[in-house]
Amino acid sequence: MTTHIESTTQQETSSSRGFNWQLFLQDNITGSWYQAILVLALAIITANYAVGQYETYPVMTIIIVAAWLVGIVMVMIGEGRRHHTNFSRWLKENLLSSVSNILLTLLVGLLIASAFIGALQWGILNATFDPAATAPELQPEDGATWGVIVGARKLLATGVLGPEYSWRVWTALFFILGMWLLTYISSRPVLKDKLRVVRNVINGLWLLSPVILYIFLAGVANAPYNFTGALTGGAVLLAIYALLWWQKVIPFRWTGLIATVATWPVLYTIWWAIGNSETFTPINVDEWGGLLLTLIIASSVIVLSLPLGMVLALARQSDVFGIPAWIIWPAGIGATIWGFTSTPELLATSRNLVEQLLSFWPIMILAIAYLIHRMFKGNMVSGASTMFIELIRSVPLITLLFMGINMAPFFFSAGTSIAKPWPVIVGYTLFSSAYMAETIRGGLQAIPNGQYEASDALGFNTLQKMRFIILPQALRIVIPAIVGQFIGAFKSSSLVSIVGLFDFLGINRVISSNPQWLGLRVELYVFMGLVYFLGSFLMSSYSRRLEAQLGVGER
Amino acid sequence: MTQSPASPSAEPQTAPLWRTVLGYLFDVRVLGVLGQIGFIVVVVFGVKAIGVNFAENAQKLGESQFICRDGTFSYRCAYDFMESESGFDISDTMIDHTNTDPYWRSFAVGVLNTLKVGIFGVILTVFVGTFAGIARLSENWLISKLALWYVELMRNTPLLIQIFFIYFGVILTAPNLDEAIQPLGLPFFLSQRGLNIPSIQFTSSAAIWLAFLVLGIIQFQVLGVILSRREERTGQPSNRFSTGIIAFIIIAALGWFVSGAVSETQGLMVTKGSRIREVNDIENMMLQRTGLNHLDELDSLTEDEIKDFALQVCVLEDSASETNFTSQLRKMGIPYRVRRSDRPDQATERYADEKCDVFAATKSILAAERATLENASGHLIIPIKENPVVWSIPTREGLNMVGGSRMKPEFTALLLALVLFYGGTLAEIVRAGILSVSKGQSEAARALGLNEGQRLQLIVLPQALRVIIPPGIGVALSLAKDTSLGIAIGFPDMYAASYTIMNQSGRVLQMFVMIMLVYMLISLGFSVVLNWYNEKIKLVER
């Protein structure tokens, strides 16, 4: 201990005298043997790299090394005078704080500069920008041919969709943009209370917007009026109204009841009229492509997976009274015995060991009974949801997409042909909702038990408890994670290009195999990467704003 | 849950029986149970309905799915087709595969490729992610900003675009093999044909050495226990870790020499006339041949002269003998040229024609080959020392690369893209983990007098790991699943192999069942291993 005190006093005295080389060396190089080796290795690598860069880009290397030396000198002067300017203090703290940091700064600086120069040469200096001159013989040797992006803009935007439909795509786009704008304006604090009616209309339009967009982008077929369908729809809405009233979600009102029941027939009649007017003739959905298809898939998945994920999460967390053991076991054992009646015949005809083992399949029933009893305590709501989620999560997305496309024809009666986007959307939604369910479950688990107990004490039923107490808190907690999922869904929608859809990424195949733009892949990938980056960035910055508004992470 | 079936009341039961029964029936719990039983019944019948529908469709599609070899139709023949000839080639295989192999072998090749990408990917991602995560927290402004942009770029663009970009934009635009890029002079060669990297080759004596290594690990543990008991007894601190490591190194070195000396499988065949009786005689022979006094004087000769004088070595293609023997020749400074043959008899023929001075192979091959020579007694088989593990370093030889191992372009692109992408994801997790350890912990460690290494190793990392591991497991699982994206650039992983099999045989359902099973097994395997690790490092709570 005595030596320690001595050394500190020595340090104090020496620092008051001026710069101490010994201490400097000990701090930066000779402190321990691995530090010395590290600094030495770094110095050798940096020197080597600088010399190598000098041979390829002499001017750049000289400028950077000179700037680096000037920075060091500035910091040294500041140290010597014991007074730093703002700039030299910043340099000292952020770039030149120790010998290894000084070396790293030069190394990384050179690295960044050479990457920047390489990108500059490829992207701008050696590149051509003329949309007319993109043929293979006109493409520059070591530069980009950006003309392809302007030249192939139609393909990038809507794929091979016929030009006669472009007005519909534009209208749909303006519809959505207009809706966003209206929502934004009407939610301003100044107008919030004055525009109550307008806001209700906008909310209703949002609810209807999938149908409106479907009419624009997929079209309505000319078909005879379906009376039974219209009446059934009305009956379904009536049932929903009754359910909501029973669960005390809405109060009973005659006007509300009539409006609800009439909604379906009225909307169906409008739909039928649109189909008869031949303005919105059906589009072959397989022709969707480019950014349009990407946006359709991504937004459908985002919109559908949130409620589905919520249901799955609530089901997995549910604690309903399970099937008691005295039902599970007799039923399971009975089914097993019934199953074993087929075993002797199977055994007699089996050809190898595997088939012999498989003839004892009824054991599986026992195993399932055991699983239901022990793991889920007979609770089939939680059991089925858990099994679904875990099954989906253990396979890659691309498997589900392929399965959707390749296996869908098997499950329908023969002869029906299904356009590719639909099974893809279904498979992708199932996949996304399983992940969404896990995210939301995280939020549900973060709610303290007291909240559940308090709402029980207030006499809320399950639906009210979830709607007013649990979900608002749980969802608020997991907003960042949910938006992360949305971004993931947007990005991963590019996977549909593997299963043969020409989405924003898949359209690349069409463009780069066109003789006009032959082989122009990398330019398109850079452009597409930028678009995806922009989309993800917008979503995440919106999420940050939402978090701030709702006060996530605050109490 | 809200109401109990029979509320205990003070009054005697006056309600009639039917009321009690109805009360039981309309209890929420009973209704719930009935609903759940109904659900199971619906699921069972639904699956049955789908199955019947599927079977009908399958029959309409030509009954091709379940045809036995004798032409009859039976569901138990669903996987019989796996025995028939695949008829396609796979470019990147770990086990031998030709187009006459059965489908199941093609499938196995795919599974092995998936595992290869998954395992290497996870290992490399751990390094890249940790490195980038620490770089994000670096006090060097340039490095932390660079890491930030790396992470943002990776997280905000789709993985598929990155794979395409690396494959088409980086690997396929790289120069030809003869102008391969060699970063920093290291023996790594990036070219259009992929990445050539140094590799290690195990010779037959490696087993003995590995046994020694296991012994070393055991003694490390035992020594640790003994020393810690002594520490407790005497109160004297002892450097358990360093002592164990040093003892381990000693045992490993001992094993190296022992296994080199004990194993006698490798041999050289030479003619009696060459007067080589042991490997060191080769040096004298070379001196005689060149007329020099010492091998160091080789520099004075021109390259063509050296080529003429070089020792001609016959070996078999891809044999461990080549790497073993040539590494010894390199150590002795003897110039050599290697002639590779596909089959032993071709090599023997060359040797008999005196195209080469020595024939290096395993002793058993040499003995068999010597028997086929005309003048068997005129040839000697001399033993050569065999190191358990030999470095194999890629070198340019004309238009080809020899030695090391080559990563195919598709594999390189897929591995690189996966590692970079998930490295970015892991970096954020690592950063969050390190930040989650409160500053007070570090200050307390410094106050206790721990040095920086001890502080990281004993205080910060164990606490950070607890936060890092659970989401880290998720990253590993996602990576394992995303190896399926290799199909986009033609990497023959399990998915691509299955897809080809599906297209050729038309067995869609069977292949999907296989794919799902294997992915589930892989996911399960990864999560079992990683969860075991998680349990191990988890905070033990009271």
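Q: Why are strand β4 and strand β7 of chain B said to pair?
A: Two strands pair if DSSP finds at least two bridges between them, and β4 (residues 266-271) and β7 (residues 358-362) of chain B share four bridges in the antiparallel sense, so the criterion is met. Within this pair, B:Q266 stands opposite B:T362. Strands (E, at least two residues) and helices (H or I, at least four) are DSSP runs, numbered from the N terminus. The model is predicted: local features need pLDDT of at least 70 and side-chain atom pairs pLDDT 80 or more, whereas totals for chains, interfaces and linings use all residues. Residues are numbered from 1 along each chain as its sequence is written, with chains lettered from A and ligands numbered from 1 in the order in which they are written.

Q: What makes β6 and β8 of chain B stand at the edges of the sheet?
A: The open sheet of chain B has mixed pairing and the order β6-β5-β7-β4-β8. β6 (336-341) and β8 (379-383) of chain B each have a single partner strand, so one side of each lacks a neighbour in the sheet.

Q: Which helix lies across β4, β5, β6 and β7 of chain B, and at about what angle to β5(B) does the helix run?
A: Helix α11 (residues 344-352) of chain B lies across these strands, at about 160 degrees to β5(B). Axes are lines fitted to C-alpha atoms, for helices over the stretch in contact (C-beta atoms, placed from the backbone, within 7 Å), and angles run from 0 to 180 degrees between N-to-C directions.

Terms used: Contact = placed C-beta atoms within 7 Å.
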